Amino acid sequence: MAMNSDVIRSAIAKDLRGKPSRNPESLIPTLAKELGIQAEAVTNEVHRMTDLKHIVPVGLASIRLSEEGERHYFSTNTEQATHFFQENWPHITSNLIAFFALAIAVFALIK
């Protein structure tokens with residue numbers, strides 16, 4: 001049975017939440033059994049979450065949920081939007097200024 005990757009990632013994040021570290025050798029078979037899927041699917045999602053920087057390695061054989069992962073899986077929509085604007089306000093501002101300049105130029109051209 002194929003399961004949505006978001007469900008698998010949420011289960012991984014819930015398992016890692018609040019733990020200083022977790023051994024993936026025990027995490028993967030445990031979650032595969034709980035979710036009723038193959039261990040390979042859980043392994044793939046652990047690797048994807050690592051690539052997305054939602055999971056970070058701790059030492060040689062442990063992983064933990066990063067701050068970005070914590071924010072992604074457990075923040076409210078308002079908190080995610082606030083973080084987005086805090087990180088991207090220079091780009092948003094410059095694009096708004098460019099849009100207004102374009103609008104003024106088009107208006108002047110039409111007039």
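This note comments on the overall form of a predicted model and then on one helix and one loop within it.

1. Composition. The protein chain contains five helices and two strands. Read from the N terminus, its elements follow the order α-α-α-β-β-α-α. The radius of gyration is 21 Å, well over the 13 Å that the globule rule gives for 111 residues, so the chain is more spread out than a compact globule.

2. Overall dimensions. Taken along the principal axes, the box filled by the C-alpha atoms of the protein chain is roughly 70 × 30 × 25 Å. The student may wish to view the model along each of these axes in turn.

3. Burial and surface. Of the 111 residues of the protein chain, 23% count as buried. The chain exposes about 8000 Å², and 60% of this area is supplied by carbon and sulfur atoms.

4. Contacts along the chain. Among the contacts in the protein chain with a separation of 6 or more, 52% join residues that lie 24 or more positions apart.

5. Helix 3, its length. Helix 3 covers residues 39–51, which gives 13 residues. From its first C-alpha to its last it reaches 18 Å, close to the 18 Å expected at 1.5 Å a residue.

6. Helix 3, its two sides. Which residues of helix 3 are buried? They are Val42, Glu45, Val46 and Met49. These residues cover an arc of only 105° around the axis, which puts them on the same side of helix 3. On the other side of the helix, Glu40 and Asp51 are exposed. Glutamate thus appears in both groups, as Glu45 is buried whereas Glu40 is exposed.

7. Helix 3, its cover. What covers the buried residues of helix 3? The cover includes three other helices, namely helix 1 (5–16), helix 2 (24–35) and helix 4 (67–74). Strand 1 and strand 2 also contribute to it.

8. The end of helix 3. Lysine 53 lies just after helix 3 and takes a positive phi of about 70°. The student should locate this residue when following the backbone out of the helix.

9. The loop between the strands. Strand 1 (55–58) and strand 2 (62–65) are joined by a loop in which leucine 60 is found. Is leucine 60 buried or exposed? With a relative accessible area of 91%, leucine 60 is exposed, since a value over 50% counts as exposed. Leucine 60 and proline 20 are 40 residues apart along the chain, and their C-alpha atoms are separated by 14 Å.

Technical notes:
Residues are numbered from 1 along each chain as its sequence is written. This is a predicted model: local features need pLDDT of at least 70, side-chain atom pairs count only at pLDDT 80 or more; totals for chains, interfaces and linings use all residues. Side-chain values use heavy atoms; hydrogens and water are left out. Helices (H or I, at least four residues) and strands (E, at least two) are DSSP runs, numbered from the N terminus. Buried means under 20% relative accessible area, exposed over 50%, partly exposed in between (1.4 Å probe, protein chains only). The expected span of a helix is 1.5 Å times one less than its number of residues. The arc is that of the directions from the helix axis to the C-beta atoms. Contact means heavy atoms within 4.5 Å. The radius of gyration is taken over C-alpha atoms; the globule rule is 2.2 Å times the number of residues to the power 0.38. Accessible areas come from the Shrake-Rupley method with a 1.4 Å probe; for residues, only the protein chains shown count as cover.
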